[in-house]
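Please look over the sequence and the structure below before reading on. The report that follows goes from the overall make-up to single residues, the cores and the helix contacts.

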Amino acid sequence: MPGASGGNVEGSCQALCQTLISQNGLQRETADISQSVLYTSLMGLLLVTDNECFLNAVVQCLSHTPGLRDYCLLKTFRQEKSSKEEAKLMEAFSRVLAGLWDVDGEDTEVNPRQFYSIFKETVPYFSGYSQQDAQEFLRFLLDRLHTEVNRRVCVRRTGKEPVQKYAKFRISEEAAAMWKKHLERDDSKIVDLFSGQLRSSLHCSVCSHHSNTFDVFCDLSLPMPKRGSAGGVTLRECLDLFSQEEKLDKENAPMCERCTRRTQSTKRLSIQRFPQVIVIHLNRFTMSRWSISKSTVCVSFPLLNLDLGPYGPVDCGAVLYDLYAVCNHSGTVNMGHYTACCREDNGWCFYNDSSVTPVSENQLQTNQAYVLFYQRTNSNSTLRK
């Protein structure tokens, strides 16, 4: 943060938290920092190097995730984490957020250099100065933050775990058992906010046997329907393509439990458990044998009341989400640039590294939209209990 040390930022953040809690009667676990008129988020991020705009765009989107922002600013992770080691990356990330939501409002730029340096120590894959993919960075970042603040003690796995059978269970019971097993190892604020559960349904075309597998996800990577650059598509069409039935030949199909061999089968994906925050990745980049290409199709998406209920369990009802941030990618595969659009109390703002400008809602839907951040607005049993 220009003109301020990390200690000063942390001190001012703690002072504001104490003021919020004492004056407004807020509990540390439930305090919503955004309700304070003392805070402003209209701050840009300085470029660490010319090729690291992906970091700035993702951090701005995460900074506007209320549950994560408040968790960082209130330093709740210091009481929750099971490890006695310092959560270096989370501490550095929290300092960046403390700078973005500055109390004094004197600075208009925040320098994420120290945060990114620590991140590259934990994820050497991002060392160097080449352009990186924003969605890939987001996945690595959330995974490392989760590891540092995991509420469960890390247990080293020995060998391959036995596959449990749930043949006599209903699908919901089997899914709940798998989710409980996941939480026994991985339980953190990151999981609370971003983790959901996918169901993969497999149907054998030979013996008609049905089987289900359940996997945890932190984002949905959606395929893009084939269109010309002039013809647009909707987010609903991308979701339909993601969840449509897929035919698998013998070579690509898993082993049928009843036939005990590989058979032709069909597979369908659906959302079994919905996260509080759903990150939707529009998979614009496709790889062929010799090159990578980018789709420039414009995807229209709802700003309010995105209903994902049709992609969940049969009886789940409406599952509604509101958009609060968009990570954009402009340019080509080799010469690209990342920016972010985030929802503020009085409208939307466009974050282009250190520059912050207002943007209208009708300017959000472009062929540059790459990663969409949605917040759950209603709740039911498909949320974690």
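Helices (H or I, at least four residues) and strands (E, at least two) are DSSP runs, numbered from the N terminus. The structure is a predicted model, in which local features need pLDDT of at least 70 and side-chain atom pairs count only at pLDDT 80 or more, whereas totals for chains, interfaces and linings use all residues. Residues are numbered from 1 along each chain as its sequence is written, and side-chain values use heavy atoms, with hydrogens and water left out.

The protein chain holds 10 helices and 20 strands. Of its 385 residues, 47% count as buried, where buried means under 20% relative accessible area, exposed over 50%, and partly exposed in between (1.4 Å probe, protein chains only). Among the contacts in the protein chain with a separation of 6 or more, 68% are accounted for by residues 24 or more positions apart, a contact being heavy atoms within 4.5 Å.

**Two loop residues with positive phi**

Thr-260 and Asp-353 are set out side by side here.

| Residue | Phi | Loop | Relative accessible area |
|---|---|---|---|
| Thr-260 | near 55° | between E8 (255-256) and E9 (261-262) | 59%, exposed |
| Asp-353 | near 55° | between E18 (347-352) and E19 (355-359) | 13%, buried |

For Thr-260, the phi value is positive although the residue is not glycine, and Asp-353 likewise has a positive phi in a residue other than glycine. Thr-260 is exposed because its relative accessible area is 59%, while Asp-353 counts as buried because its relative accessibility is 13%.

**Cys-342 and the cores**

Strand E17, which covers residues 336-344, contains Cys-342. This cysteine counts as buried because its relative accessible area is 0%. Once neighbours within four places in sequence are set aside, the residues in contact with Cys-342 include Gln-60, Cys-61, His-64, Tyr-324 and Trp-348. Between Cys-342 and Phe-373 there are 9.3 Å from C-alpha to C-alpha, and the two are 31 residues apart in sequence.

Phe-373 also appears in the largest nonpolar core, which has 54 residues and in which Leu-62, Phe-93, Phe-115, Phe-137 and Phe-373 touch the most other members. A nonpolar core is a set of buried Ala, Val, Leu, Ile, Met, Phe, Trp, Tyr and Cys residues joined through side-chain atoms within 4.5 Å. Beyond its neighbours within four places in sequence, Leu-62 is in contact with Leu-68, Phe-93, Leu-138, Leu-141, Leu-142, Phe-194 and Phe-373. A second, separate core has 34 residues, among them Leu-235, Cys-238, Leu-306 and Leu-323.

**Helix H5 and its partners**

The axes of helix H5 (residues 88-100) and helix H6 (residues 113-122) come within 9 Å and cross at roughly 155°; axes are lines fitted to C-alpha atoms, for helices over the stretch in contact, and angles run from 0 to 180 degrees between N-to-C directions. H5 and H6 are therefore roughly antiparallel to each other, since angles under 35 degrees count as roughly parallel, over 145 as roughly antiparallel, 65 to 115 as roughly perpendicular and the rest as oblique. The residues that meet include Leu-89 and Phe-93 in H5, and Phe-115 and Ile-118 in H6. The residues of this contact of H5 with H6 divide into seven nonpolar, two polar and three charged, where Ala, Val, Leu, Ile, Met, Phe, Trp, Tyr, Cys and Pro count as nonpolar, Asp, Glu, Lys and Arg as charged, and the others, Gly among them, as polar.

With helix H7 (residues 134-149), the axis of H5 comes within 8 Å and crosses at roughly 115°. Here Lys-88, Leu-89, Met-90 and Phe-93 in H5 meet Leu-141, Arg-144, Leu-145, Glu-148 and Val-149 in H7, and the residues of this contact divide into six nonpolar, no polar and three charged.
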